[in-house]
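Q: I would like to learn how to read the main features of a protein model, going from the overall make-up to single residues. Could we take them one at a time?

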Amino acid sequence: MTQGEALDIIKTGRNVYLTGAAGSGKTHALNVYIDYLKERGVGVAVTASTGIAATHLCGMTLHSWSGIGIKDDLSDHDVEFLVQKEHLWKRYDKTKVLIIDEVSMIHPMMFDALDRLARAMKRNTAAFGGMQIVLSGDFFQLPPVISGRNEVMYIDSSNAWRKMNLRVCYLEEQYRQNDRSLAGILNEIRMGNVSLETKDMLEKMSGVRRESRITPTRLYTHNFDVDAVNEMELEKLHGEVREYEMRTRGKANVVASLCKSILAPEILKLKKNAVVMFVKNSFEEGYVNGTLGRVIDFKNNMPVVETCSGKKIYATPATWEVEDDGKVLASVEQLPLRLAWAITVHKSQGMSLDAAEIDLSKSFVHGQGYVALSRLRSLEGLVLLGINTMALSVDPYVIELDRWLINESSKWVKVIRRFEGDDWDRMHEDFIIRSGGTNDAVEIEKNRASKPKNIASKVSSHEKTLALLKEKRDIRDIAKERGMTLGTIISHLEKLKEEKYDLDIKHYAPKSGDLKVIQAAFESLGGTKLSPVYKKLKGKYSYDDIRLARLFI
């Protein structure tokens, strides 16, 4: 099934399981649908089983959104208690569509609990209280972990799954792998029939290093190996260590959850020549989650990263947010980078890597080898450090389930091809009306203009800010309009100045007295770092104040 066909089905309001191999465009299709709903004023909740997956969609973890918290199951008393919480009841009441990504990691007991809670909240006996449920994932990814149980059970064995009357949309296009031999290996693993030729080829590759413009990221199955490698490699480099501290806003518990879920560290330590990886998607800035590079310079204390392709990117702080009903509950600002000599296979889920050294010699669970290898765009980017038998194994149950999913998707392809364009338009518009939304073109355009989109346009982010700066708007108003932090807008000012855009920014200068105080602090300390100046001035000026002043020193 193509993305377009899947979206036609999803827009009718049917419950859907969106699946496909790694790199088939599941996240992109979800983002398109999320924008579609927001533009039409339909209440949509965006969730995922893991924090990392949730950040790819600018959403929340399913545990947090639902109110289930750290529990894996709910008693009748638990459900009754949660229903009494007004903020939760309002959240469910406004939600017409619930998106759940990475469902392969949700065990059936929890999924049934979520269904019971939703029915109680919505006071509706239909599955999930009548909300449209859009599930997404790939059962060949890492399986769910059930505390105290050795057996592996998947979400499809839940009662809720069976009652949802799901349409299966199995995406067949490939947007990550451009190497037929790698795609072939991954397909063999998915079919549970890895050939002797493939095993022999991987064995011969093990330990063989290749020439590369940049040191590939190493993927390990255990955290201990990852931390040791990154610390050791950074220590080897000569030169000054530059530290970048994460800035946070919002409710403490939500902020803490958000910090754990993103790959950017709370304190990022960099040196020139450090191997780094971008950990956020920004097509407008020229990087995606998983783009590898090396720090080649620092300008205005911000790192300049050269990617594998030779492109130079001036890295500026990015923002991660948790939204609920259009309100920002928590936000985190940090450079979208992490040291990337090594990461865990688990943390690599959802990434697309240009090059990787993968150690699968300690693989201990089904799917680890598939997850690691499927991160790569090409076999040319692979250096295999080691491999064991478990690495290439997949759960036999998943193989049978996948065949059933493919057949179900094929069945729906035959059904939907009977419909004409007008039929789809009518079904799509009917669902929007039933969900309390609008099909009015003027209203849609107004919503489109007022909300930040999930899918980046071709105009760069700082160029969008440039248009507002030329109007000499207050930078705090610009930050509010663009849905960004003040620090991000100041970073755009820095980038515009660096790239020598025709822009007069004199009216953004701090008051003369403040500027003199901050300038004196910079001069007495030397360098351009913010933290020492902030400490010297004992918090009299915010980081944003100091950063803005630095533009005029």
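The dialogue below goes through the chain as a whole, its cores, its sheets and two of its helices.

Q: How many helices and strands are there in the chain, and what share of its residues count as buried?
A: This is a predicted model, and every value that follows should be read with that in mind. The chain contains 22 helices and 20 strands, and of its 553 residues 54% count as buried. About 25600 Å² is exposed by the chain, with carbon and sulfur atoms supplying 50% of that area.

Q: What share of the contacts with a separation of 6 or more comes from residues 24 or more positions apart?
A: Residues that lie 24 or more positions apart account for 74% of the contacts in the chain with a separation of 6 or more.

Q: Which residues touch the most other members of the largest nonpolar core?
A: A nonpolar core is a set of buried nonpolar residues joined through side-chain atoms within 4.5 Å. Here the largest one has 113 residues, and those touching the most other members are Ile100, Phe111, Phe128, Leu135, Phe139 and Ile358. Helix α7 (residues 108-122) gives this core its largest share, 7 residues, and the core draws at least three residues from each of domain 1 (3-175 + 419-435) and domain 2 (180-392). There is also a second, separate core of 27 residues, which includes Ile10, Tyr36, Leu37 and Ile432.

Q: Is Asp115 buried or exposed, and what does Asp115 touch?
A: A residue counts as buried under 20% relative accessible area. Asp115 has its place in helix α7 and counts as buried because its relative accessibility is 5%. Leaving aside residues up to four places away in sequence, Asp115 touches Ala127, Phe128 and Ala160. With the same exclusion, Phe128 touches Asp115 as well as Phe111, Leu114, Ala118, Arg119, Lys122, Ile133, Ala160 and Met164.

Q: In what order do the 4 strands of the open sheet stand, and which strands are at the edges?
A: The order of strands in a sheet is read from their pairing, and here it is β18-β7-β19-β20, with parallel pairing. β18 (342-344) and β20 (382-387) stand at the edges; each has a single partner strand, so one side of each is left without a neighbour in the sheet. From one strand to the next the twist averages 20°. Strand β7 (residues 217-220) pairs with β18 in the parallel sense over 3 bridges, and Tyr220 has Thr344 in β18 as its bridge partner. Helix α11 (residues 223-236) packs on this sheet, touching β7 and β18, and its direction makes about 165° with that of β18.

Q: How are the 6 strands of the other open sheet ordered?
A: The pairing is again parallel, in the order β3-β2-β4-β5-β1-β6. The edges are β3 (60-61) and β6 (167-171), each with a single partner strand, so one side of each is left without a neighbour in the sheet. Strand β1 (residues 16-20) and strand β5 (residues 132-136) pair in the parallel sense over 3 bridges, with Val134 in β5 as the bridge partner of Val16. Helix α14 (residues 396-416) packs on this sheet and touches β1 and β6, its direction making about 100° with that of β6.

Q: Why is helix α22 described as largely enclosed by the rest of the structure?
A: Helix α22 (residues 543-550) is described in this way because 6 of its 8 residues are buried. The buried residues in α22 are Asp544, Ile546, Arg547, Leu548, Ala549 and Arg550.

Technical notes
Residues are numbered from 1 along each chain as its sequence is written. This is a predicted model: local features need pLDDT of at least 70, side-chain atom pairs count only at pLDDT 80 or more; totals for chains, interfaces and linings use all residues. Side-chain values use heavy atoms; hydrogens and water are left out. Helices (H or I, at least four residues) and strands (E, at least two) are DSSP runs, numbered from the N terminus. Buried means under 20% relative accessible area, exposed over 50%, partly exposed in between (1.4 Å probe, protein chains only). Contact means heavy atoms within 4.5 Å. Accessible areas come from the Shrake-Rupley method with a 1.4 Å probe; for residues, only the protein chains shown count as cover. Domain bounds come from an automatic or database domain assignment. Two strands pair if DSSP finds at least two bridges between them. Axes are lines fitted to C-alpha atoms, for helices over the stretch in contact, and angles run from 0 to 180 degrees between N-to-C directions.
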